[in-house]
Amino acid sequence: MEEQRIPELSTERFADIDSDAKVIEKGLNDWEMEFANETAEDCESYASFGLLRDPALETEDLTLSSQHKNDSAWSDIPVIQASSSMLLVDATTQWRCYIASKSPEEESEKLRALRQSLEEDLKAFPPYKEVVGDVRLLRFLRGCKLNVSEAALKYREMLQLRQRHQLDPIRNRILDENLHPEQFPHYDKIVSNVPFAHSFDAFETPNSFITEYNVFSFELTGYVDLKSLDTSISNDEWIEFLFYEMEYRSLQLDRLSREKECLVQTIFVKDLNGFSFLRGYPTRMLALFRNSIALATACYPETIRVTFFLHAPWLFHRLWRSLSPYLQQTQLNKIDMRGSETYESLLQMLGGRDGLPTLMGGKNTSISIPPTGLLARDSYALLCEHGAVEADITARKSLQIPFRTLLNDTVCWEFQVQHLDVDFEVRSRTQGEQGGALECVIMPRIRAVQGEQVTGEYRAIDDATIVLVWDNTSSWMRSKRIAYKAKVVRATHDFSTLETCA
């Protein structure tokens, strides 16, 4: 089969992405609206997507005539009679299959209405089942809470984005050349800075209503080398890789959904162990991630089951707020950052630690996360390269670094010992009622060893002096050298600009 040439991405293409993100942002809140009683604000929302609404078509969407129903080759989408929880989709095509549903009769009727509303659009598009098939339409319907008009609007927007960014040639190349993720353009640049692994083996996950299968994606987010990524990859290269990855995932999820007879989604697991607010996070990369989220939201709805953030520190929650305005409320509801409860929920979905990759503390050796990003660097030298202060702690002595804090200020630190080991603890120093200073340990002592990068933070519960203590009193002869970074992030720090405190 003749290979289809993938058009070169240019700076103008990235400008299109940014433009798309701005357009999509205007419509984010509209996903949560019910359009049964249309208002002037609704019409304005439609206009923000650059799409004019045809009143005649609107009526057709919601009140289909029997004449239209009988004329459509797609009008008959029956529910399988053998089970009240299964929906028959793509009934009149070779793609015919069943999909689990909590409300099969209602979804069958809405799916019929959506397909008739989009009849002309679907006829004009190539017969790609993962794009024009009922499984894809069902994702849009569920993402829009079964609102046919809104789902049709979002689906047409997706078709426009596919045409603008030429996703069809990418889809065709993946299939024609049987490409796998490691063969995607710029994969080596991405994976050398981002330790991640995808698994497209469907796991059965607990659900009290219907049988549910999902796939998993694992990332050691705390060890992503964003500074190196910022200097080694361009905007166009990142976006091109993203297009390939999303199209590949779309193909796999459609295939698995038809095989497993349920709407298969992705469970993302992002481990923030090792995350340090002190490293600094390039604004360009964060803005690029934001635009990527907007594009994925518009083109691939209902492909995420949940995103688990493991070991999320307090400051990450605040940083996350700078990205959350670009997500719909339904998507925010799929974010899980509850500490130990998040970990327990993940293990329940995986069936225990046997399903978790070894680099995340599990026993699954079949899913291999490459030790790349910061894991592949000399962490002590890297810390010094990123502005850490080196200090020698003589034998039988300690090093104490105090920080004056106010209520809700956060002290964050990152350090490593060059050789051997050193003890570390955090103390709080306040003024006593009778004068003098009162000091207490607020984070218990740990022993940091060579090769271990220690990161942490403490949020002040009162006005106090927080003291970081490196203790070498247990050593009679040897001095120890450490490299450390520490800073106070004020409670009034503005995270909305995506700037961090490098």
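What percentage of the 502 residues of the chain count as buried? In this predicted model, the share of residues that count as buried is 55%. The surface exposed by the chain amounts to about 23200 Å², and 49% of this area is supplied by carbon and sulfur atoms. The secondary structure of the chain comprises 18 helices and 15 strands. Among contacts between residues at least 6 apart in sequence, 77% join residues that are at least 24 apart.

The arrangement of two helices was then examined. Helix α9 spans residues 148-164 and helix α14 spans residues 283-299. The axes of α9 and α14 come within 8 Å and cross at roughly 120°. Helix α9 is therefore oblique to α14, because a crossing angle counts as oblique when it falls outside the ranges for roughly parallel (under 35 degrees), roughly antiparallel (over 145) and roughly perpendicular (65 to 115). On the side of α9, the contact is made by Lys154, Glu157, Met158 and Leu161; on the side of α14, Leu295, Ala298 and Cys299 take part. Sorted by class, the contact of α9 with α14 contains five nonpolar residues, two charged residues and no polar residues.

Helix α14 also holds Ser292. This residue has a relative accessible area of 8% and is therefore buried, since the cut-off for burial is under 20%. The side chain of Ser292 makes a polar contact with the side chain of Trp238, at 3.1 Å. When residues up to four places away in sequence are not counted, Ser292 touches Trp238, Ile239 and Leu242.

Arg258 lies in helix α13, which covers residues 235-260. With a relative accessibility of 12%, Arg258 counts as buried. The side chain of Arg258 reaches the backbone oxygen of Trp95 at 2.9 Å. Trp95 is also one of the residues that Arg258 touches when residues up to four places away in sequence are left out; the others are Asp90, Cys97, Lys129, Gly133, Asp134 and Val135.

A further position considered was Leu175, which is found in helix α10 (residues 167-176). The relative accessible area of Leu175 is 43%, so this residue is partly exposed, as the value lies between the limits of 20% and 50%. Leu175 and Leu251 are 76 residues apart along the chain, and their C-alpha atoms are separated by 9.1 Å.

Definitions and conventions. Residues numbered from 1 in each chain as written. Predicted model: local features only at pLDDT ≥ 70, side-chain atom pairs only at ≥ 80, totals over all residues. Heavy atoms only, no water. Helix = DSSP H or I, 4+ residues; strand = E, 2+ residues; numbered from the N terminus. Buried < 20%, exposed > 50% of the residue type's maximum accessible area, 1.4 Å probe, protein only. Polar contact = N/O pair within 3.5 Å; in protein donor to acceptor, adjacent residues only side chain to side chain. Contact = heavy atoms within 4.5 Å. Axes fitted to C-alpha atoms, helices over the stretch in contact; angles between N-to-C directions. Nonpolar A, V, L, I, M, F, W, Y, C, P; charged D, E, K, R; others polar. Areas by Shrake-Rupley, 256 points an atom, 1.4 Å probe, with all protein chains shown as cover.
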